[in-house]
Amino acid sequence: MSFHLHKFPLLSRSGVMERLIAEASEEGEEKCSICLPDIPGGAKTFELVAKFCYGVKLELTASNVVYLRCAAEHLEMTEEYGEGNLITKTETFLNQVVLRNWKDSLRALQTCDDIISYDDELNVTKRCIESLAMKASTDPNLSGWPIMEYGGPMQSPGGSVLWNGISTGARVKNTSSDWWYEDASTLSFPRYKRLIAVMESRGIRQEIIAGSLTFYAKKYLPGLNRCQGATDTNSSTCVAPVALEAPPSEEDQKLLLEEIDRLLPIQKGLVPTNFLFGLLQTALILRVSPSYISNFEKRIGMQLDQATLEDFLIPNFSYSMETLYNVECVQQILEHFLAMDQITGGASPSLVDDGQITASPSLTPVTLVAKLIDGYLAEVASDVNLKLPKFQALAASVPDYARHLDDGLYRAVDIYLKSHPWLSVSEKEQLCQLMDCQKLSLEACTHAAQNERLPLRIVVQILFFEQLQLRTSITGCLLVSDNLDGSRQSGLAGPTERGWASTARENQVLKVGMDNMRTRVSELEKECSNMKQEIERLGRVKSFTWGNVSKRFGFKLKSRMCSAQEGSISNQNTESRKNEKLKDRQGQHKKNST
């Protein structure tokens, strides 16, 4: 772009323009033509510089101050060529306005990508990053400044919201620690990487760094959203990343994925497990270096107990498509988990004298992982392309002590036998040897005894161990009762026998209750027998009336019923007397006739 300008306004403000105009004037040409190919910001910035030289008032903003500062440095617009020159004005605006504001510092940093050659000399990028890191590291609830400068309402010194300079009394809501994630994600990755490094040096918490990296990766790696879908349980961020109009190329996504792996904290639990599974699937899709895939598998293995069954279902992205799911990847993750658990000292539980496994601090995570693996085996068992050695290797990788019951493994084995009916008897027996028949529940044993897909030898073993378990439980009950009686008689009070003593006391209380119950029952039986005897005795007495019965047993009959009953009894007595008299008369009459 060509500019037709006067010489004096330019040479009076710029040392470079003064020298170039002098050199062009010595050549004796009527028109002085000067070429400026390296002006920071290009023709648009030089137009602002020219207006400043002509005395036009400039409107400095966060979007143009960096270009003007570098252009002024390039043209040597120092105080030697006039008081209040462009270097001084831009430097003052940068320090007193831009670097004190979060949004302005962010805008200024976004314009630093075009001034790389001046960055080492002026340190504009460094100062912007330091300003952002300082503000992001400060608790917003204590300072209150991010809320004012984040597009929200103005505040009074007391913290209430201002409307036209008048305090409304309303308080500003507290801000969480992830308020800067979305703004930081607008930076190019080199600037963002420098920002994260400075924030780490300032001692910001690692979970905040991990949350920001998670947000940035979800925004620029479209494969993560497809991998995770609706099962994303990451609650560390309050805002969702905005989808890009034009996603990065595959090569840029590869580089970003590798950098994310380098920057992510290694501590367990800082990064959601489903997000790590999403990174692993994206790495498999983009076919990154195997070393980075192994790093993601190790990260997942450190916190495998926090995963879900949906996370395990990693599709197979290989060209061969031998199986539906990537079983080898899950095998590697499980091996990393067991190796890490072995290092922490929780993979081999100690044994007591009677052979029972004692609880260890790491036994619960191993148990959770064992349930997940059994569920995963049941999911992949229906794949007809899954070979028997792969299924056996994954099932056998789980330690024996991790499974309290083998019901989940039995279900997976049953599904595999149903989906692979062509297996030989020896292969079926080899597959069923993965199960421990002594760890099957009663429901599983009942189902297995009627399962026609199982080999006959396995069914016989299950029935045998079921009977053995029943006999052992009965023997144990008898031993417990004998120990209770012995502890009651001996009265031992040692620390190891306190449990037996408390159980004996509870048994004694139950016995006393049973004795009281028996006594009460016997009393009721005696009362019942007395009542029967009384009824029989009263039935033999002629003067027995319902009134006596009511008095003796407390029967409360209505007066009308009682009178009616008494009248009927008296009528019966008179009729019986009349019949007796008639019989006597007949007898005397017979005697006389004879």
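## A look around the predicted model

Glu76 counts as partly exposed because its relative accessibility is 31%, where partly exposed covers the range between buried (under 20% relative accessible area) and exposed (over 50%), using a 1.4 Å probe and protein chains only. This is a predicted model, so to speak with its own house rules: local features need pLDDT of at least 70, side-chain atom pairs count only at pLDDT 80 or more, and totals for chains, interfaces and linings use all residues. Residues are numbered from 1 along each chain as its sequence is written, and side-chain values use heavy atoms, with hydrogens and water left out.

Back to Glu76: this residue sits in the loop between α4 (65-74) and α5 (86-98). Asn123 makes a good companion, in the loop between α7 (116-122) and α8 (124-137). Neither Glu76 nor Asn123 is a glycine, yet each has a positive phi. Here they are side by side.

| Residue | Phi | Relative accessibility |
|---|---|---|
| Glu76 | about 60° | 31% |
| Asn123 | about 60° | 34% |

Now for the overall picture. The protein has 28 helices and 2 strands; these are DSSP runs numbered from the N terminus, with helices being H or I of at least four residues and strands E of at least two. Of its 594 residues, 38% count as buried. Take the contacts (heavy atoms within 4.5 Å) between residues at least 6 apart in sequence: 69% of them join residues at least 24 apart.

Next, the rings. The structure holds 11 aromatic pairs, a pair being two rings of Phe, Tyr or Trp (its six-membered ring) with centres within 6.5 Å; planes under 30 degrees apart are stacked, over 60 edge-to-face, and the rest tilted. Trp102 and Trp179 form an edge-to-face pair, at 4.8 Å centre to centre and 65° between the planes. That pair ties together distant parts of the chain, 77 residues apart: Trp102 is in helix α6 (residues 102-110), while Trp179 is in the loop between β2 (166-171) and α11 (181-184). Both tryptophans, Trp102 and Trp179, are buried. Phe189 and Tyr192 have ring centres 6.3 Å apart and planes at 40°, so they make a tilted pair. These two are 3 residues apart in helix α12, which means about one helical turn separates them. Phe189 and Tyr192 are buried as well, and ring pairs link them with Tyr216 and Tyr220 into a cluster.

Arg191 also lies in helix α12 (residues 189-201). Is Arg191 buried or exposed? With a relative accessible area of 8%, Arg191 is buried. A polar atom of the Arg191 side chain lies 2.9 Å from the backbone oxygen of Cys112. Leaving out residues up to four places away in sequence, Arg191 touches Leu109, Cys112, Asp113, Ile116, Asp119, Thr125 and Ile129.

Finally, a helix pair. The axes of α17 (residues 290-302) and α19 (residues 327-343) come within 8 Å and cross at roughly 55°; axes are lines fitted to C-alpha atoms over the stretch in contact, with angles from 0 to 180 degrees between N-to-C directions. That makes α17 and α19 oblique to each other, as under 35 degrees is roughly parallel, over 145 roughly antiparallel, 65 to 115 roughly perpendicular, and the rest oblique. On the α17 side, the contact includes Ser294, Glu297 and Lys298, and on the α19 side, Cys329, Gln332 and Ile333 are among the partners.

Key:
A polar contact is a pair of N or O atoms within 3.5 Å; within protein, one must be able to donate a hydrogen and the other to accept it, and residues adjacent in sequence count only if both atoms are side-chain atoms.
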